[in-house]
Amino acid sequence: MLGVFVCHTFRPKQKGAVLQQDNPPSSGLIRRAMDALLTTDRDQRIRLSMSVMAALLMLCCIAALQLVAAAGLADAGHVHWFSVVCSLGLIAVYWLIRSGYSQRWEDPALTFLQIVSSVTCTAVAYVIAGSARGITLPILAVILIFGVFGLSPRQMLFVLFYGIAVFGVALSVAQWGLAHGSQPLALTAAYMVMIVVMLASCTFINLRVLASRKRKLELAQAAANERERAIRDELTGLHNRRFMLEIMHLEGARVQRNHQPLLIAQLDLDHFKHINDTHGHDAGDQVLAAFARTVAGYIRSTDILARWGGEEFVLLMVNTAADNGVALLERVRAAVQESVLVMAAGASIRVTVSIGVAQLQTGHETPIGLLRRADEALYAAKAQGRNRVVLADQTLLETTVATG
Ligand SMILES: Nc1nc2c(ncn2[C@@H]2O[C@H](COP(=O)(O)OP(=O)(O)OP(=O)(O)O)[C@@H](O)[C@H]2O)c(=O)[nH]1
């Protein structure tokens, strides 16, 4: 039963036809029943499966108490009421999660509520279980194991102190409050010691587990930050040469496989040395950053722009035909020509850009070969007077777009 429950609880959302055919005929029925019980929503399914597992555990506890009562060791009336109240509690928790009502709260899985109420029920079970009260200790242990992985450190600390308090009361009631329940005080003390040990150990493990989970997250975050730093250009915020080389190889292989057009453009600011010499290096930096923003505002989200180095940029345009790419680059060129960067000191700086662009030749051309042709086209653009777009392979486009 539990095996079926676990298999169907964590099954993938979609199953292929082949897999479904391989299943025995009853599996469809079981799956439908599981879907009805746990829903098909992945998050809800996890929450409900945990609460159903906790409920099965509590039902085992109830069954054990019923056996104890049947053996005449516990008051049947008390056990009866305990069973009814616990069952109603389990149904209420299941309903709150299944209906989606619990999603209004911070903890939609109701883990904390379930663990605190389970600890309370176990303490009550200790009181009413008579001389068989020892059976409640393993139940408490299993409940606490759920807490180790499901509670925050603060919640777990609450459970620690609450557990000590509620079991302290339960042990006192069982020891001194019930005429039929008394046992040697030393045995009660031994129970209390074991309960405190269990609660404290589980709290310790919870803190360790969460600390290592946090450390793992921090390491993953640090690795992600490091990776981001390694592929970003600090000045412009664009991707850098290293990233562009990686992407060029990946995209190059992909488009060759899928026979899609791929364009690479090299963009180089004109007479940038003059800007540095006239306005200073800081002003040059601001021009580079402003240029990056201008170009980024014109390209599509699927295009990738990177700073290749110095005042040189590379733009990769996937699935783009030569005429469309050249038209876009022409708009970029015009926008750069139009924009004016006003410096704090009052000086206004204008720049122009020369652009060489090439389309990947189907067959065996590598992205590096493509880049070389784009670079040659850029050289041609510079040679023809700058501030223009030159396409490497003129047969792809009737005319080279050239403006002065
Ligand atoms: N401010 C600034 N300048 C840089 C940076 N990287 C490179 N440069 C400068 O960019 C200038 C590039 O000069 P050149 O290669 O002669 O090119 P150019 O002056 O743009 O001339 P053409 O490309 O032929 O139009 C050099 O003066 C570099 O020092 C940077 O990060 N910031």
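**Figure 1. Buried residues of helix H4 in the predicted model.** In this predicted model, helix H4 has a set of buried residues that begins with Arg 45, Arg 47, Leu 48 and Ser 51 and goes on through Ala 54, Ala 55, Met 58 and Cys 61 to Leu 65, Val 68 and Ala 69. The helix covers residues 42-70, and its 29 residues reach 41 Å from the first C-alpha to the last, which is close to the 42 Å expected at 1.5 Å a residue. After H4 comes Gly 72, and the phi of this glycine is positive, near 80 degrees.

**Figure 2. Spans listed as transmembrane region.** An unreviewed UniProt entry lists residues 52-73, 79-97, 109-129, 135-152, 159-179 and 185-207 under "transmembrane region", and two of these spans are described here. Residues 52-73 are 86% helix and 0% strand in the model, with 29 Å between the C-alpha atoms at the two ends of the span. For residues 185-207 the corresponding values are 100% helix and 0% strand, with the end C-alpha atoms 33 Å apart.

**Figure 3. The open sheet and its edges.** Six strands make up an open sheet, in which the order is S1-S3-S4-S2-S7-S8 and the pairing is mixed. Strand S1 (239-240) and S8 are the edge strands, each of them pairing on one side only. At the S8 edge, S7 and S8 run parallel and are joined by 3 bridges, and across this pair Ile 355 stands opposite Val 389 in S8. The chain to which the sheet belongs has 14 helices and 8 strands, and buried residues account for 32% of its 404 residues. Of the contacts in the chain between residues at least 6 apart in sequence, 68% join residues at least 24 apart.

**Figure 4. Strand S2 and its two partners.** All of S2 is buried, 8 of 8 residues, so the strand is largely enclosed by the rest of the structure. In a regular strand the side chains alternate between the two faces of the sheet. In S2, Leu 262, Ile 264, Gln 266 and Asp 268 point one way, whereas Leu 263, Ala 265, Leu 267 and Leu 269 point the other way. S2 is joined by 7 bridges to strand S4 (residues 312-318), and these two strands run antiparallel; within this pair, Ala 265 stands opposite Leu 315 in S4. With strand S7 (residues 353-359), S2 also pairs in the antiparallel sense over 7 bridges, and there the bridge partner of Leu 263 is Gln 359 in S7.

**Figure 5. The hairpin of strands S3 and S4.** Strand S3 (residues 304-309) runs antiparallel to S4, and 5 bridges join the two. Together S3 and S4 form a hairpin with 2 residues between them, and in the turn Gly 310 has a positive phi of about 55 degrees. Leu 305 stands opposite Leu 315 in S4, and Leu 315 is also the residue that Ala 265 stands opposite. In S4, 5 of the 7 residues are buried, so this strand is largely enclosed by the rest of the structure.

**Figure 6. The shell of residues around the ligand.** The ligand has 16 residues around it, of which Asp 270, Phe 272, Lys 273, Gly 284 and Gly 310 come nearest. Strand S2 (262-269), helix H11 (272-279) and helix H12 (281-298) are the elements that give two or more residues to this shell. The most comes from H12, with 4 residues. By residue type, the shell divides into 4 nonpolar, 5 polar and 7 charged residues.

**Figure 7. Two loop residues with positive phi.** Most residues other than glycine have a negative phi. Leu 110 has a positive value, near 55 degrees, and its place is in the loop between helix H5 (76-98) and helix H6 (111-128). Leu 110 counts as buried because 20 C-beta neighbours lie inside 10 Å. Arg 386 also has a positive phi, near 70 degrees, and this residue lies in the loop between helix H14 (367-383) and strand S8 (389-391). With 15 other C-beta atoms within 10 Å, Arg 386 is partly exposed.

Key: Residues are numbered from 1 along each chain as its sequence is written. A residue is buried if 20 or more other C-beta atoms lie within 10 Å of its own, exposed if 12 or fewer, and partly exposed in between; C-beta atoms are placed from the backbone. UniProt positions are given in the numbering used here, feature names are shortened, and annotations may be inferred rather than shown by experiment. A residue is near a molecule or strand if its C-beta atom, placed from the backbone, lies within 6 Å of it. Ala, Val, Leu, Ile, Met, Phe, Trp, Tyr, Cys and Pro count as nonpolar, Asp, Glu, Lys and Arg as charged, and the others, Gly among them, as polar. Two residues are in contact if their C-beta atoms, placed from the backbone, lie within 7 Å. Two strands pair if DSSP finds at least two bridges between them. The expected span of a helix is 1.5 Å times one less than its number of residues.
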